[in-house]
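Opened a fresh page for this one. I wanted to go through the sheets, then the surface.

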Amino acid sequence: MSKYLVLINSNEVVRVSPDRIVYILSDGNYSTMTLVDKEEHVFSFNLSSFEKIIEQQLGTDAQTFIRLGKSLIINGKYIYYVNVSKQQIILSDSSFPNKFTLSASKEALKALKAVLEESIKSRRIGI
């Protein structure tokens, strides 16, 4: 992705490459964006608004971001580990030293796991 996401809050403007965003966590009307270096930015809008901004500014590149339940958007490029029974997802990548362990509902993780399994099956050729 060569596009940037520009987020405007009451006192700041944040311009960030989508590749640097690991996840966005919502708490009511506030959303916290966490970057690969663990830097965080808090915005005074909810996750639905954040989702719309991502779609408007990134177009087809917005598909990289996956909404998990009511309070979490993750960067799908960084999915490393999903455990439905523990309600846990780990986001990581060799390009950054940190692992991000998050909680999500069983239903959201089941749906994510099914999508990941289906994408693997659709890549199989001649089997």
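Below are my entries, sheet by sheet, with the surface at the end.

**Ground rules.** I'm working with a predicted model, where local features need pLDDT of at least 70, side-chain atom pairs count only at pLDDT 80 or more, and totals for chains, interfaces and linings use all residues. Numbering starts from 1 along each chain as its sequence is written, and side-chain values use heavy atoms, with hydrogens and water left out.

**Entry 1, the five strands.** I looked up the strand order first and got β5-β4-β3-β7-β6, an open sheet of 5 strands with antiparallel pairing. Strands here are DSSP runs of E with at least two residues, helices are runs of H or I with at least four, and both are numbered from the N terminus. Two strands pair if DSSP finds at least two bridges between them. β5 (40-43) and β6 (65-68) each have a single partner strand, so one side of each is left without a neighbour in the sheet. Neighbouring strands are turned by 15° against each other on average, direction ignored. For angles, axes are lines fitted to C-alpha atoms (for helices over the stretch in contact), and the range is 0 to 180 degrees between N-to-C directions.

**Entry 2, what packs on it.** I then checked helix α1 (residues 47-58), which packs on this sheet and touches β3 (21-27), β4, β5, β6 and β7 (72-75). Contact means heavy atoms within 4.5 Å. The direction of α1 makes about 160° with that of β6.

**Entry 3, one pair up close.** β4 (residues 30-35) and β5 pair in the antiparallel sense over 4 bridges. In this pair I found Thr 32 opposite Val 42 in β5.

**Entry 4, the three strands.** Another open sheet, of 3 strands, reads β8-β9-β10 with antiparallel pairing. Its edge strands are β8 and β10, each pairing on one side only. β8 (residues 79-83) is joined to β9 (residues 88-93) by 4 bridges. I noted Asn 83 opposite Gln 88, and Val 82 has Ile 89 as its bridge partner. The β8-β9 hairpin has 4 residues between its strands, and Gln 87 in the turn shows a positive phi of about 55°.

**Entry 5, the next hairpin.** β9 is joined to β10 (residues 96-103) by 5 bridges. This hairpin has 2 residues between its strands. Ile 89 turns up again here, standing opposite Leu 102 in β10.

**Entry 6, the surface.** Which residue of strand β1 (residues 5-8) did I look up? It was Ile 8, and at 58% relative accessibility it counts as exposed (buried is under 20% relative accessible area, exposed over 50%, partly exposed in between, with a 1.4 Å probe and protein chains only).
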